[in-house]
Amino acid sequence: MFEQSPLVTIIGGSGFVGRHIAQAMARRGWRVRVAVRRPNDAMFVKPYGTVGQVEPVQCNIRDEASTRAAIRGADAVVNCVGVLFNSGRNTFDACQAEGAGRAARIAAEEGARHFVQISAIGADAGSDSAYARSKAVGEAAVATAFPKAVILRPSVVFGTDDGFFNRFAGMARLIPLVLPLVGAGTKFQPVWVEDVAEAAAKAACGEAAAGVYELGGPAVAPLRDWVKLMLKFTRRRRLVIDIPPFFARIQAWFLQMLPNPLLTVDQVKLLARDNVVSDGARTLADLGIQPSAAEGVIEGYLYAYRPQGQYTQLTENGGEA
Ligand SMILES: NC(=O)c1ccc[n+]([C@@H]2O[C@H](COP(=O)([O-])OP(=O)(O)OC[C@H]3O[C@@H](n4cnc5c(N)ncnc54)[C@H](OP(=O)(O)O)[C@@H]3O)[C@@H](O)[C@H]2O)c1
């Protein structure tokens, strides 16, 4: 008889981080269930493996039955569900706090061997940010329901389809001369999505000790410097200006009325705190992963934002490729 390869359920596996974890698990030969609210919109994950190896399934982490159905039979579960703002019933509390606890409890009840929770640096029950509070409540619920769980807290994550460098590069393309920033002095430690995915894959395969890990890249710098790095690679000159917190809050208050807001008041609160690996935390090094620097990766996708896109290189070299 043939033995089936192990099965991982990745809840939120169609998102930016989740899809890289799905690829990392498929490369390791696992069968992968990508559990999302709208599996029809997640068909792009199927070519990550051989025919039938990676399959989208329906799951809403707010719902007991569909979460249980997605987890049943899985050897490992990775929870990548996260929201940046409340949207209808998809709130911080419902997804990041209750949902995380529900997934971990069901994983334990269904006999999964490993549970990996993707949280975030800054998760803090005492924070004035609802995002950070719900992440902390989610972590506590996961640790109670699944004591052997591995909790990964990345700093901001970069990669081809990220919402960090791409967002600022998009703003610089739209706005002439200046680039207004909220939290320009706040320190970040961007981490490559492939390093986060490798960490999650190791944890899902049982190669990581239980507990919390904080994931950051090799460099710490204020947001203003990361944006200047983006400007260098996109060949754009902009005066980077700091929006004072008071004005940022007013701006965010109006912006958050839009359906997919660029900025919310909660995010302004988050941006007031440094987003870096804490002293004494377990890190990527404890997982045997050497983090990659942003400089070596971002040029590979930010070239699209140059004034002439991929042809900028040609014009700079006087027509020579
Ligand atoms: N990206 C970063 O820089 C960063 C930094 C630190 C921490 N994190 C954490 O990493 C995790 C993944 O982030 P990401 O950037 O990959 O986010 P993302 O691209 O927005 O992906 C989130 C995923 O969650 C799914 N989802 C949302 N609500 C759901 C629900 N009720 N039931 C089931 N699935 C649901 C989304 O699918 P649908 O909406 O299509 O259902 C999507 O697949 C999150 O927990 C986030 O907080 C990310």
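The following dialogue concerns helix packing and ligand contacts in a predicted model.

Biologist: Why are helices α3 and α4 called roughly parallel to each other?

Modeller: Helix α3 (residues 92–109) and helix α4 (residues 130–145) pack at an angle of about 10 degrees, and their axes are 8 Å apart. Angles under 35 degrees count as roughly parallel, and α3 and α4 are therefore described in that way.

Biologist: Which residues of α3 and α4 meet?

Modeller: Among them are F92, D93, Q96 and R105 in α3, and Y131, S134, K135 and V142 in α4. By class, the residues of this contact of α3 with α4 comprise 11 nonpolar, 4 polar and 3 charged.

Biologist: What makes α5 oblique to α10?

Modeller: Helix α5 (residues 165–174) packs against helix α10 (residues 295–302) at an angle of about 50 degrees, with the axes 11 Å apart. The ranges for roughly parallel, under 35 degrees, and roughly perpendicular, 65 to 115, leave this angle among the rest, so α5 is oblique to α10. The crossing of α5 past α10 is right-handed. F165, N166 and A169 of α5 make the contact with I298, Y301 and L302 of α10. That contact has 5 nonpolar residues, 1 polar residue and no charged residues.

Biologist: How do you know that K135 makes a polar contact with the ligand?

Modeller: An N or O atom in the side chain of K135 is 2.7 Å from an oxygen atom of the ligand. The cut-off for such a pair is within 3.5 Å, so the pair at K135 qualifies as a polar contact. K135 is also one of the residues that come nearest to the ligand, out of the 25 around it.

Technical notes: Residues are numbered from 1 along each chain as its sequence is written. This is a predicted model: local features need pLDDT of at least 70, side-chain atom pairs count only at pLDDT 80 or more; totals for chains, interfaces and linings use all residues. Side-chain values use heavy atoms; hydrogens and water are left out. Axes are lines fitted to C-alpha atoms, for helices over the stretch in contact, and angles run from 0 to 180 degrees between N-to-C directions. Helices (H or I, at least four residues) and strands (E, at least two) are DSSP runs, numbered from the N terminus. Angles under 35 degrees count as roughly parallel, over 145 as roughly antiparallel, 65 to 115 as roughly perpendicular and the rest as oblique. A crossing is left-handed if the near helix is turned anticlockwise from the far one by less than a right angle, and right-handed if clockwise. Contact means heavy atoms within 4.5 Å. Ala, Val, Leu, Ile, Met, Phe, Trp, Tyr, Cys and Pro count as nonpolar, Asp, Glu, Lys and Arg as charged, and the others, Gly among them, as polar. A residue is near a molecule or strand if one of its heavy atoms lies within 4 Å of it. A polar contact is a pair of N or O atoms within 3.5 Å; within protein, one must be able to donate a hydrogen and the other to accept it, and residues adjacent in sequence count only if both atoms are side-chain atoms.
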